[in-house]
Amino acid sequence: MPGVAVKLYSVFFKLLLKHRLQNLISISADGLSDPFGVSTRSDESVAAANPSFTDGVATKDIHIDPMTSLTVRIFLPESALSPSDPDSLKLRNGDNHHHQPRSDRRHSHGPLNPTPAERNESRRNSYGFGNESPEPYGGYAPSPNRNSRKLPVMLQFHGGGWVSGSSDSAANDFFCRRVAKVCDVIVLAVGYRLAPENRYPAAFEDGVKVLNWLGKQANLADCCKSLGNRRVNGVELKKMNVQGQIVDAFGASMVEPWLASHADPSRCVLLGVSCGGNIADYVARKAVEAGKLLEPVKVVAQVLMYPFFIGNNPTPSEIKLANSYFYDKPVSVLAWKLFLPEKEFDFDHPAANPLAHNRSGPPLKLMPPTLTVVAEHDWMRDRAIAYAEELRKVNVDSPVLEYKDAVHEFATLDMLLKTPQAQACAEDIAIWVKKYISLRGHEFSY
């Protein structure tokens, strides 16, 4: 069973969440609507972006849609600065120490032995550029002369019951930093629009918009490369700052330099936390439908961490654990009332139940490999497991990791982020994801 501290914190958490939801319901009754939307609440504890490599990860925020509040926070691990060498890819440990197998997870994968990559070239630090440019800048800027590694990209969708949470919250920042280091990927945390200001399908559309934006960035980067070298009278001329050649109406570069230098969109993974899992699954379906239209972006796998699934016919866990920790069923029902439009409110809505009879999109057999993480004391667990079982029936790689004595959001909630289970979960995710993003194949498979 969860400890006393977790139980007490859960009680206060549910009281505050219920109070917030009821306030939002009363406000939404007055016709609250804002097309621009909000992607973070004023009372949210946020972590400022830091473009220098703090704790091995640099971050920056980008507002990618001028018509809405949609933003992304990029988490770039310092391993991206290493020279490109497929043989140097190793499973990295985010906390820089070895872990022994634990009994608190279903699968024991043994200790992880990270090997720090050699840093052959000095990086720009927080005091500005090197000698290449006199312009001061308090963070990392890629050098066109550096032969840097291309890392996979992971789109991360935060939780919060549709109405709270953000890409720049302190808890989400900590979690994404851990994932970026352990999985050795560039994490794009999506700050989608929250309800009730923007109900369904706003958050889902924002997820697809970020995926399309990633593809656009990759294509713009390729265009810049083609502009980089030209011949005049048989003499090759090289532009050192080719990323500035494609600009918008205000003269600003349209190419994101971190992604242009270090991102490999052909190895894209979706990771959704709680309600973010619902968004990730929707984005995966849209990626399958788009097919080659998304190139060079290719979704190779998705991770659903205790997804926010529900349905009209209750499962055994929904009956037995209805009053479970943190997000119990009554509170979650309030969240769904704030997210779904009144005329569409139905627990078998495609956004709520992935196995609903009215589910649209491609057949399950075309879905990408899916890792599902569930907690023992989470009332949503049965429906997530059922979805994974349906995927396995059509030969989709869809393992389930169930954690003993764990609660909903055990690996992402601020209070539980530093627990052994949270670290173990990140390591387990990394081991599975490496099967699909490693350039060397399945050396990290179970």
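Trainee: Let's start with leucine 15: does it count as buried or exposed?

Mentor: Leucine 15 counts as exposed, because its relative accessibility is 56%, and I should say at once that we are looking at a predicted model. Leucine 15 is found in helix α1, which covers residues 4-28.

Trainee: Which residues form the nonpolar patch on the surface?

Mentor: The patch consists of Val4, Leu8, Val11, Phe12 and Leu15, and together these residues have about 530 Å² of accessible area.

Trainee: And what is the angle at which α1 and α7 pack?

Mentor: The angle between α1 and α7, the helix of residues 329-339, is about 25°, and their axes are 10 Å apart. That angle is under 35 degrees, which is why α1 is described as roughly parallel to α7. As for handedness, α1 passes α7 in a left-handed crossing.

Trainee: Changing topic, how many salt bridges does a search of the whole structure find?

Mentor: The search finds 20 salt bridges. One of the pairs is arginine 20 with aspartate 43, whose side chains meet at 2.5 Å, N to O. This pair links distant parts of the chain, since arginine 20 sits in helix α1 and aspartate 43 in the loop between α1 and β1 (57-63), with their positions 23 residues apart in sequence.

Trainee: Is aspartate 43 buried or exposed, then?

Mentor: Aspartate 43 has 55% relative accessibility and therefore counts as exposed.

Trainee: What about aspartate 55, which residue does its side chain meet in a salt bridge?

Mentor: The side chain of aspartate 55 meets that of lysine 181, at 3.0 Å from N to O. Aspartate 55 lies in the loop between α1 and β1, whereas lysine 181 belongs to helix α2 (residues 170-183), so the salt bridge ties together parts that are 126 residues apart in sequence.

Trainee: Buried or exposed, for those two?

Mentor: The two ends fall into opposite classes: aspartate 55 is exposed, because its relative accessible area is 52%, while lysine 181 is buried, because its value is 12%.

Trainee: Which residue does arginine 381 meet in a salt bridge?

Mentor: Arginine 381 meets aspartate 382, with a distance of 3.3 Å between N and O. Arginine 381 is itself buried, because its relative accessible area is 15%.

Trainee: Which residues are linked in a network of salt bridges?

Mentor: The network links Asp61, Arg73, Asp173 and Arg177.

Trainee: On to the backbone: where are the cis peptide bonds around proline 196 and proline 201?

Mentor: One cis peptide bond joins alanine 195 and proline 196, with omega at about 5°, and another joins tyrosine 200 and proline 201, with omega at about 10°. Proline 196 is found in the loop between β4 (186-191) and α3 (202-228), and proline 201 also lies in the loop between β4 and α3. For background, most peptide bonds are trans, and most residues other than glycine have a negative phi.

Trainee: Speaking of phi, what is the value for tryptophan 162?

Mentor: Tryptophan 162 has a positive phi of about 75°, although it is not a glycine. The residue lies in the loop between β3 and α2, and with a relative accessibility of 1% tryptophan 162 counts as buried.

Trainee: And what is phi for phenylalanine 326?

Mentor: For phenylalanine 326 phi is near 60°, again a positive value in a residue other than glycine. Phenylalanine 326 is placed in the loop between α6 (316-320) and α7, and because its relative accessibility is 0%, phenylalanine 326 counts as buried.

Trainee: Back to the loop between β3 and α2: is glycine 160 buried or exposed?

Mentor: Glycine 160, which lies in the loop between β3 (151-157) and α2, is buried, because its relative accessible area is 4%. Although glycine 160 and leucine 194 are 34 residues apart in sequence, their C-alpha atoms are 9.3 Å apart in space.

Trainee: Last one, how far apart are the axes of α2 and α9?

Mentor: The axes of α2 and α9, the helix of residues 420-437, are 9 Å apart, and the two helices pack at an angle of about 45°. That angle makes α2 oblique to α9, and α2 passes α9 in a right-handed crossing.

How values were computed
Residues are numbered from 1 along each chain as its sequence is written. This is a predicted model: local features need pLDDT of at least 70, side-chain atom pairs count only at pLDDT 80 or more; totals for chains, interfaces and linings use all residues. Side-chain values use heavy atoms; hydrogens and water are left out. Patches are made of residues with over 30% relative accessible area and no salt bridge: like charges are joined within 9 Å, nonpolar side chains (Val, Leu, Ile, Met, Phe, Trp, Tyr) within 5 Å. Accessible areas come from the Shrake-Rupley method with a 1.4 Å probe; for residues, only the protein chains shown count as cover. A salt bridge is a side-chain nitrogen of Lys or Arg within 4 Å of a carboxyl oxygen of Asp or Glu. Helices (H or I, at least four residues) and strands (E, at least two) are DSSP runs, numbered from the N terminus. Buried means under 20% relative accessible area, exposed over 50%, partly exposed in between (1.4 Å probe, protein chains only). Axes are lines fitted to C-alpha atoms, for helices over the stretch in contact, and angles run from 0 to 180 degrees between N-to-C directions. Angles under 35 degrees count as roughly parallel, over 145 as roughly antiparallel, 65 to 115 as roughly perpendicular and the rest as oblique. A crossing is left-handed if the near helix is turned anticlockwise from the far one by less than a right angle, and right-handed if clockwise.
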